[in-house]
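Okay, thanks for coming, everyone. Let me put the structure up, and then I'll walk through a few spots in it.

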Amino acid sequence: MKHRSSNRRNFLRIGIAAGATALIAGGGNVLSALSVAESKETGEKMKLLTPEGKLVEVDKGHVCCQPAGNLEARQGLPDKKMVMVIDLAKCRNARKCLQGCQKMHFLPPHMEWIKFYLLRDSEEMSPYWFPKPCLHCNNPPCVKVCPVGATFKRTDGIVLIDNDRCIGCKFCMAACPYSSRVFNWEEPKMDKGVNKAAYSPETSSPPKIGTVSKCDFCPDMVRKGELPSCVTSCPNGVYYYGDKNEDAVTNGTDTVRFSELIESRAAYRYMEELGTEPSVYYLPAVDRAFNYEVGFEGLSDEEIALYKTEAKIKE
Amino acid sequence: MYEDEKTQQNLHAFKPQLEKMSNKGVALIVFLLLVIGFGMYALYTQIVDGHIVTGMRDNVVWGLYIVNFIFFIGISYAGALISGILHLLRVPWRTPIIRMAEMITVISTMIGPSYILLCIGRLDRLPNLVLFGRIQSPIIWDVIAITTYLSGSIIFLYLAMIRDLAILRDNPVKTARWRNPIYRFMAVRYKETTKQKELLNVATDLLSIVIIPLAILVHSVLAWIFGMTLRPGWHSTIFAPYFVIAAVYSGTGVLIMVMWVFRKIYHLESQITKIHFNYLGIIMIILGAMYGYFTFSEYLTSWYGSIKWDMDVLYRLFNPGEYWHLFVFAVFIGVLLPIIIVTVPKFRNINSIAFAACVAVLALWVKRYLIIIPTLETPLLPIHDLRPEYVHYSATWVEWALTFAGIALFILLFYLFSKFIPIIPVVRTGEEKDYSRLRKIVFEKQMKKVIRQHKKSDAVIAGIVLLFILVSVPRAMSQDENRVQPMLKLEYFHVDSSQILTATLQAKVEGRFISLPGMEIVFKFICNGTETLLGKEITNGKGRATVAIPEETLATGGDKGLYSFEASFAGNDRYDAASVTATMKPLRLELSFFQKEGEKMVNLKALEPGPGNQWIPAENLDVVFYVPRTFSLLKVGQASIVNGQTSLEFPTSIPGNHLGYLTLTAKVEENEIYGNVEVSGTINWGKPLPPVNTIKRGLGDTNAPLWMVYTLIVLLSLVWFHYMYVIFTVLRIRHLGKS
Ligand code: SF4
Ligand code: SF4
């Protein structure tokens with residue numbers, strides 16, 4: 001296996017994995033240092049940029065493909081600050097993002113980490129679809145109240161849950177103003193294989209009874225330089241994801257500068273007045289690609305009725 | 001010792017209670033044990049099956065358990081505040097009721113927190129509270145406050161028992177004699193010497209001073225669990241005092257109920273008189289009025305401000321289809337009825353006051369329900385889970401069973417305790433006479449409180465009845481038996497110095513393109529009619545297979561500087577064979593950085609093979625410049641190659657690493673002649689990243705803010721210093737008793 005991947009994603013700017021920077025700091029000794037980490041060779045190479053601006057090539061297995069342990073997962077990917085931009089003008093409530101998310105995290109059908117709302121701020125205004133993952137608040141009420149630090153804010157802006165530490169007091173659920181959290185009320189029904197897999201807060205899998213789960217912003221994917229499933233599953237390119245420190249977000253097809261996008265489209269953060277400082281930005285639903293009614297496709301009558309009542313839509 | 005007539009009389013009256021157990025008593029115990037046993041069964045179910053057996057769901061995450069928790073901690077106020085204050089003020093009539101009050105405190109402070117445990121999903125992980133406790137969390141405040149409070153109440157109760165224990169030591173019980181050594185041990189050689197008496201009084205006074213602010217703190221902390229969240233109906237600044245007042249109100253109510261019950265079963269008519277009921281009744285309605293006032297203030301403020309979310313909760317409370325009836329009971333009846341019963345002389349008698357207390361206590365339980373449930377049922381964002389149990393909370397049998405088990409345990413412990421030590425202090429110290437004048441100052445105030453409730457005009461919102469119908473549509477999955485012709489795409493990449501071929505295998509199935517993984521692709525290099533095998537690779541999950549082109553292969557040269565490659569797929573039982581060829585011309589890209597008139601520029605040279613093994617400038621070529629980012633390439637510019645080169649301003653506004661190092665990639669993409677060619681270069685001209693913040697101390701961080709740490713240490717050491725001092729005093733009493 002001598003080939004090396006040309007995959008542009010593997011071309012990473014700087015120490016993508018926790019510790020990679022430290023390892024690289026060891027100078028030319030990178031590979032020998034890496035082998036100490038007892039990780040598997042995958043044969044696939046990726047490039048890393050040292051802080052001094054030198055490019056080194058390391059085996060992907062050394063830096064990205066091991067699920068992060070509970071302590072490692074608390075650190076956050078160095079020098080990153082993950083953000084998401086959701087373009088409401090393009091959302092038609094297709095819910096493909098949720099399907100992708102549920103598939104990727106092996107979630108049972110009712111466990112929804114992304115929720116969909118039909119919002120209408122007042123009766124004169126027109127309704128718009130509003131998908132909502134965990135907003136990964138920078139001043140997260142959920143993290144403040146956790147008695148054991150089982151939910152925590154990382155340096156890269158991601159709010160994670162350590163399901164091995166969570167005592168299930170549900171205080172974080174009461175504290176989250178955005179209803180982002182769900183509880184494992186019973187033994188999660190999983191494939192045997194999933195249940196046996198090594199747990200990592202970064203994959204949020206396998207879930208554990210009596211503890212809390214939520215959207216995790218897919219740090220395991222970020223480690224691999226890959227996009228979260230919601231971003232890649234959305235047929236309309238609604239989700240942009242990226243690193244604010246790199247000033248770039250991508251929806252899989254387009255890569256744009258984060259600062260320019262939120263400036264030109266007048267992005268806002270949901271319920272900013274709560275002081276939660278979310279990491280998720282919304283682009284207002286102007287010049288919409290779809291009529292909101294398209295979003296009722298595939299919903300049950302009860303659901304449609306509920307959405308209509310909430311958005312105060314009269315027949 | 002204690003030869004006075006009153007004490008002897010008391011001893012005579014109470015001894016039989018300790019020694020005999022009536023049949024009714026046994027029956028009561030058996031009944032209570034059954035109720036508790038059923039509760040244990042419910043608990044077992046909950047532990048085995050998980051919290052799914054409760055009515056709690058993702059929105060209403062806390063239910064009856066938390067209601068009971070607040071309720072029990074609330075009634076524990078009886079001892080702490082009532083007996084503490086009555087003791088400090090030396091209120092003369094307090095003696096017969098003070099022990100009951102303290103027992104209520106201790107027992108309910110033990111039962112209350114167990115409800116919090118029931119609410120916790122992972123009981124096995126309780127040690128985490130100690131291992132990883134974060135003092136920024138109100139739950140940790142609660143854990144600390146309640147344990148401290150419970151310890152204090154136990155010591156307080158014990159101090160008040162020492163005299164009775166001493167008299168029981170001197171007059172041993174005749175049944176269940178195992179109790180006698182316990183009495184002896186616990187009586188700490190107390191002989192009512194002047195010195196011992198003084199020490200005991202000091203210790204009791206000290207503790208009653210400590211226990212009052214502590215009790216207030218405990219209930220404030222409890223209120224803050226709710227107040228600290230951003231939830232309508234909870235996020236209120238008056239929550240702490242509101243909870244404190246509601247707690248004392250209910251505590252007094254329970255004390256009156258307990259007095260009434262024991263007065264009946266132990267025939268204490270001569271001890272607990274109408275005076276006690278009247279005075280406590282008055283205290284109760286003063287508290288009731290204050291509770292009404294707080295309630296009024298709370299709801300008036302949020303109604304007047306009419307923030308959307310506050311209104312959502314208010315509508316629920318005022319909606320006859322939802323909580324209006326409970327609200328009327330908890331707020332109007334629960335306040336007004338006791339006030340009417342106690343203030344109107346005609347209605348005022350022992351039974352009616354006990355009834356009023358009963359109403360007040362029940363109303364307050366309901367009020368706690370109304371604080372917890374409607375708020376949780378009204379999240380800031382609407383609920384879209386159609387399963388009815390996710391929309392509306394209704395407690396299941398498990399929760400009710402455990403609720404009643406808690407009440408049964410309360411009664412049981414109380415009853416057993418009254419068999420261990422007289423429910424009314426036997427020893428009379430006679431001090432009550434000295435302080436009778438205080439009674440005038442404290443309790444003979446007249447107060448009238450008119451509570452006007454604002455009228456709520458039709459606050460009716462039609463309740464939405466949700467039905468959840470599960471219709472599973474079995475979808476016939478028809479297998480397409482036809483063979484499919486796959487599509488094979490071959491791309492040539494020249495990245496820096498290495499060259500790669502990538503083949504992508506896809507097929508159109510049911511109108512959609514799918515990638516074919518796990519297929520073998522054969523790569524060949526074709527030169528002057530001869531084929532060289534480059535390798536066989538298996539496609540990955542994206543249907544892609546990649547092979548590197550060895551330098552030597554290319555060195556063999558091509559026809560007119562052109563190289564041909566072939567990728568082929570042999571086909572299998574479902575897909576036909578496919579093959580594709582691509583012809584490329586090598587292209588050399590060279591990236592360099594330079595500064596011109598202070599401007600930072602990038603220069604790109606493009607060369608292709610010319611006659612005589614020369615590299616000559618390439619023409620008619622579009623290049624795109626990118627900056628690699630975590631997930632993808634960010635386009636920063638594009639240019640056409642003129643005369644073999646082009647230049648571009650370096651994008652200095654794009655962030656690099658901490659030292660500003662930024663990589664720039666120039667690409668020729670999907671060019672018909674050259675394929676994909678790219679080259680990268682790195683230079684420290686990007687925007688440097690700001691340095692990372694060092695350890696922070698905040699509410700959301702691992703480390704707590706320092707003021708919080710100091711406050712906690714100061715408060716805890718203050719309280720525990722007093723406890724230690726009191727324990728030390730008890731030891732001294734014991735020591736003094738030796739001589
Ligand atoms: S959205 Fe909720 S769960 Fe997510 S970080 Fe914010 S408060 Fe926490
Ligand atoms: S439920 Fe788990 S994560 Fe949430 S506050 Fe409690 S311990 Fe922390």
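**Around ligand 2, and onward**

So, let's begin with the ligand. By class, the shell around ligand 2 holds 9 nonpolar, 2 polar and 1 charged residues. Before I go on, please keep in mind that this is a predicted model.

Who sits in that shell? Ligand 2 is surrounded by residues of chain A, among them four cysteines you can click on: Cys146(A), Cys166(A), Cys169(A) and Cys172(A). Lys170(A) is in there too, and so are Thr151(A) and Gly168(A). The rest of the list is Pro147(A), Val148(A), Ala150(A), Ile167(A) and Val212(A).

Okay, staying in chain A, let's look at a proline. Where is Pro67(A)? You'll find Pro67(A) in the loop that runs between helix H3 (60-63) and strand S3 (82-87). Pro67(A) counts as partly exposed because its relative accessible area is 45%, which falls between the 20% and 50% cut-offs. If you want a sense of distance, take Val280(A): from Pro67(A) that's 213 residues along the sequence, and 25 Å in space, C-alpha to C-alpha.

Now over to chain B, where there's a sheet to show you. It's an open sheet of 4 strands, in the order S5-S4-S7-S8, and the pairing is antiparallel. At the edges are strand S5 (530-538) and strand S8 (578-584) of chain B, each pairing on one side only. From one strand to the next, the twist averages 20°.

Let's zoom in on one pair. Strand S4 (residues 520-527) and strand S7 (residues 563-569) of chain B run antiparallel, joined by 6 bridges. Within that pair, Phe523(B) stands opposite Ala567(B) in S7(B).

That's my tour, so over to you for questions.

Terms used. Residues are numbered from 1 along each chain as its sequence is written. Chains are lettered from A and ligands numbered from 1 in the order in which they are written. This is a predicted model: local features need pLDDT of at least 70, side-chain atom pairs count only at pLDDT 80 or more; totals for chains, interfaces and linings use all residues. Side-chain values use heavy atoms; hydrogens and water are left out. Helices (H or I, at least four residues) and strands (E, at least two) are DSSP runs, numbered from the N terminus. Buried means under 20% relative accessible area, exposed over 50%, partly exposed in between (1.4 Å probe, protein chains only). A residue is near a molecule or strand if one of its heavy atoms lies within 4 Å of it. Ala, Val, Leu, Ile, Met, Phe, Trp, Tyr, Cys and Pro count as nonpolar, Asp, Glu, Lys and Arg as charged, and the others, Gly among them, as polar. Two strands pair if DSSP finds at least two bridges between them. Axes are lines fitted to C-alpha atoms, for helices over the stretch in contact, and angles run from 0 to 180 degrees between N-to-C directions.
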